[in-house]
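Reader: I would like to know how the descriptive words used for a protein model are justified. Please take them one at a time.

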Amino acid sequence: MNRHEVAVTGLGVMAPHGDEPGALFEALLQARSAIQPVFPELPKPAAAATVAFDETRWFTKLQLAGVDRVSQLAVAAADLALRDANLPLADADLERVGVYAGCGMGGAAALEAAYRGNGRVSPLTIPAFMPNAPAAHVAMRNGVLGPVLTYSVACASSSVAIAEAAKAIERGEVDIAIAGGSEALIVPGVVLAWQAMQTLATFQPGEAAGAVRPFASDRSGFALGEGAAFLVLESAERARRRGARSHATLAGWGLSSDATHLTKPDAPGQARALRQALRQAGLQPRDVGYCNAHGTATRIGDVVERNALAEVWGDDFDKLRVSSTKALHGHMLGAAGAIEALITVLALQRRQLPPNANCREIDPACQMNLVAQDDSAAPALQAAMSNSFAFGGTNSVLLFRRAD
């Protein structure tokens, strides 16, 4: 079987920092947090990162019936990715186009409205909240006739979706893949559920923006975020043939299972995914200069991820620069892998690294080469990776190389 090199030719995002990848990246370089207080009516203070989204740019009022916010964001981000790729699908064989989308929790707003409707439940509630609705709406909007698949793997959902899309491109199963994910779960019921798990960051009044502190000695958890991000993937040969710009090459991916605990991460499991991605890309650990870490700022998770990276990098660990951008855009759960992959591609392209924000003192158990805000330059950067490690024990790693 001929194996095709996988090129990233389009980037699209709807994020708390906006819908333009360059502006998003600049905000991250400046360590500008989008996390702010939400739902003052809740018993405990809550914070999240939300998107200022104008759905009328993509939908008429009639079209919005039964379309949850999670699907609206997906349609917008996928559309922006296709525009960035300069890829009108009218010119493509639509049976050779696929949508690969990650979504962890589906249409939370539709479900919340049903629970709080005093007995009045919209007949469109089920199609609005089903987790595969975002992928279906992206497909319908673009007339996609090939595989339209949804991956619901908690925090790894959209990273897994991108890896599966890359496999389909590599094997020649599709010509074009619209791959990424969407999540929109900033509703009171979901926030209460996460608070009950005691995984969300605590903060004092006026300090929500700096509440998330990955790898810091005083970290207390994450803040939820919402948004969507999609990449357009094609074979490098196809991209060259149509004169497309390639943002980066998706050179390797690794998928593994901890098979140990539903919510407690496992360093050997994460290390297996890291090694798989390196092996597929034909790279040594020392070849990879940056890791966009999963980095949820939880007490256990950050230490486990640091230990997995240290195990794989060995004597070269101090050469790997690491940051978690969740400190600034929140944890988007099913969309986290996609937005962090997009950020990793931009870091490679620009040879600049987003800082590990809000970390005034590194936890001694998390000692590593964290990116400082005043030290973003990476002039020799050739390869970078993005980690997504999920509840359920699924680990997904995406490894990108610079497009020459």
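**Words and their reasons**

Author: This is a predicted model. A bridge inside a strand pair is a plain place to begin: Met-385 has Leu-399 of S14 as its bridge partner.

Reader: What makes S13 and S14 a pair?

Author: Two strands pair if there are at least two bridges between them. Strand S13 (residues 383–389) and S14 have seven bridges, in the antiparallel sense. Seven bridges satisfy that cut-off, so the two strands count as a pair. They form a hairpin with four residues between them, and in the turn Gly-392 has a positive phi of about 100°.

Reader: How do you know that S14 pairs with S9, and in which sense do they run?

Author: The cut-off is again at least two bridges. Strand S9 (residues 248–257) and strand S14 (residues 394–402) are joined by nine, so they pair, and they run antiparallel. One of the partnerships is that of Ala-248 with Arg-402 in S14.

Reader: Why are S2 and S7 called edge strands?

Author: The open sheet has three strands in the order S2-S3-S7, with mixed pairing. Strand S2 (35–38) and strand S7 (224–225) each pair on one side only, and they are the edge strands. S2 pairs with strand S3 (residues 46–49) over four bridges in the antiparallel sense. Pro-37, for example, has Ala-47 in S3 as its bridge partner.

Reader: Why are H9 and H10 called oblique to each other?

Author: The axes of helix H9 (residues 267–281) and helix H10 (residues 299–313) cross at roughly 45° and come within 8 Å. Angles under 35 degrees count as roughly parallel, and 65 to 115 as roughly perpendicular. The angle of roughly 45° fits neither range, and H9 and H10 are therefore oblique. Their crossing is right-handed.

Reader: Which residues of H9 and H10 make the contact?

Author: On H9 they include Leu-274, Arg-275 and Leu-278, and on H10 they include Val-304, Glu-305 and Trp-313. By class, the contact has nine nonpolar, two polar and three charged residues.

Reader: How many helices and strands does the protein chain have, and why is it called as compact as a globular protein of that length?

Author: The protein chain has 12 helices and 14 strands. Its radius of gyration is 20 Å, and the globule rule gives 22 Å for 404 residues. The two values are close, so the chain is as compact as a globular protein of that length. Along its principal axes, the C-alpha trace spans about 60 × 55 × 40 Å.

Note on methods. Residues are numbered from 1 along each chain as its sequence is written. This is a predicted model: local features need pLDDT of at least 70, side-chain atom pairs count only at pLDDT 80 or more; totals for chains, interfaces and linings use all residues. Side-chain values use heavy atoms; hydrogens and water are left out. Axes are lines fitted to C-alpha atoms, for helices over the stretch in contact, and angles run from 0 to 180 degrees between N-to-C directions. Angles under 35 degrees count as roughly parallel, over 145 as roughly antiparallel, 65 to 115 as roughly perpendicular and the rest as oblique. A crossing is left-handed if the near helix is turned anticlockwise from the far one by less than a right angle, and right-handed if clockwise. Contact means heavy atoms within 4.5 Å. Ala, Val, Leu, Ile, Met, Phe, Trp, Tyr, Cys and Pro count as nonpolar, Asp, Glu, Lys and Arg as charged, and the others, Gly among them, as polar. The radius of gyration is taken over C-alpha atoms; the globule rule is 2.2 Å times the number of residues to the power 0.38.
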